[in-house]
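This report is addressed to a reader who is meeting the structure for the first time. Please have the sequence and the 3D view at hand while reading.

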Amino acid sequence: MDIETNKIAGAALSTLLVVMSLNMVAGIVFAPKKPAVPGFDLPSAEASGSAGAAAAPAADEPIAVRLAKADPARGEKAIGACKACHTFEKGGANKIGPHLFDVYGREKAHVEGFAYSAAMKGKSSEKWEAEQLDGFLKNPKAYLPGTIMAFAGMTKPDQRADVVAYLNTLADAPKPLPKP
């Protein structure tokens, strides 16, 4: 090897040595303090006092009040995501979920040829009335623990009322909706 190659190799090695030394010194000078518990505490409702009470979600209006101003046409538009798992026409086939024609007022878990979850079969003596449909559409897993329906729910109360009003129109003879 010639002397130039040795100079270049020496310069590279000494540069690496200086960078490593600076890294060690910086690590000592600017060492972060690790917390005893990783993460940080989120503010709780008790800590915020009256501000937490003001931030609590307002209770939904009763379904009968919302149904008085519900629009089945808006409900038909709102069921777009439902069509992935359900059919809505008379004589419609069961998909991942049962067909929903004439669901309003029908007994729960009573569509022929559909395999319901044990939780839904346990409610087979009940009917799908406005309050039950509203609660199920709001959050299926909270309304009926053990259901296999993967839908997260509809958070807007007026949208749920529109859907309930639309579902009631899906019948040969729609049933009367509750009055406020």
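The sections below treat aromatic pairs, a charge over a ring, a surface patch and one lysine.

## Basis of the report

The structure is a predicted model.

## Aromatic pairs

A search of the whole structure finds 4 aromatic pairs. One of them joins phenylalanine 88 and tyrosine 166, whose ring centres are 6.5 Å apart and whose planes meet at 45°, a tilted arrangement. This pair links distant parts of the chain, its members being 78 residues apart. Phenylalanine 88 belongs to the loop between α5 (72-78) and α6 (118-121), while tyrosine 166 belongs to helix α9 (residues 157-169). Phenylalanine 88 has a relative accessible area of 8%, and is therefore classed as buried. Tyrosine 166 is likewise buried, because its relative accessible area is 10%, below the 20% limit for that class.

Phenylalanine 136 and tyrosine 143 make up another aromatic pair, of the edge-to-face kind. Their centres are separated by 6.1 Å, with 80° between the planes; the angle is over 60 degrees, so the pair counts as edge-to-face. Phenylalanine 136 is buried, at 9% relative accessibility, whereas tyrosine 143 is partly exposed, at 30%.

## An aromatic cluster and a lysine

Phenylalanine 136 and tyrosine 143 also belong, together with Trp128, to one aromatic cluster. Tryptophan 128 has a further partner in lysine 108, which lies over the face of the ring. The distance from lysine 108 to the ring centre is 4.6 Å.

## A nonpolar patch on the surface

Four residues, Val25, Ile28, Val29 and Phe30, form a nonpolar patch on the surface. Together they have about 480 Å² of accessible area.

Phenylalanine 30, a member of this patch, is found in the loop between α1 (3-29) and α2 (45-48). Is phenylalanine 30 buried or exposed? Its relative accessibility is 65%, so phenylalanine 30 counts as exposed.

## Lysine 90 and its surroundings

Lysine 90 lies in the loop between α5 and α6, the loop that also holds phenylalanine 88. Lysine 90 is exposed, with a relative accessible area of 55%, whereas phenylalanine 88 is buried.

Which residues does lysine 90 touch, not counting residues up to four places away in sequence? With those set aside, lysine 90 touches Phe101 and Asp172. Proline 145 is 55 residues from lysine 90 along the chain, and the C-alpha atoms of these two residues are separated by 29 Å.

Conventions
Residues numbered from 1 in each chain as written. Predicted model: local features only at pLDDT ≥ 70, side-chain atom pairs only at ≥ 80, totals over all residues. Heavy atoms only, no water. Phe/Tyr/Trp six-rings, centres within 6.5 Å; stacked < 30°, edge-to-face > 60°. Helix = DSSP H or I, 4+ residues; strand = E, 2+ residues; numbered from the N terminus. Buried < 20%, exposed > 50% of the residue type's maximum accessible area, 1.4 Å probe, protein only. Lys NZ or Arg CZ within 6 Å of the ring centre and 35° of its normal. Patch = residues over 30% accessible without salt bridge, like charges linked within 9 Å, V, L, I, M, F, W, Y side chains within 5 Å. Areas by Shrake-Rupley, 256 points an atom, 1.4 Å probe, with all protein chains shown as cover. Salt bridge = Lys/Arg side-chain N within 4 Å of Asp/Glu carboxyl O. Contact = heavy atoms within 4.5 Å.
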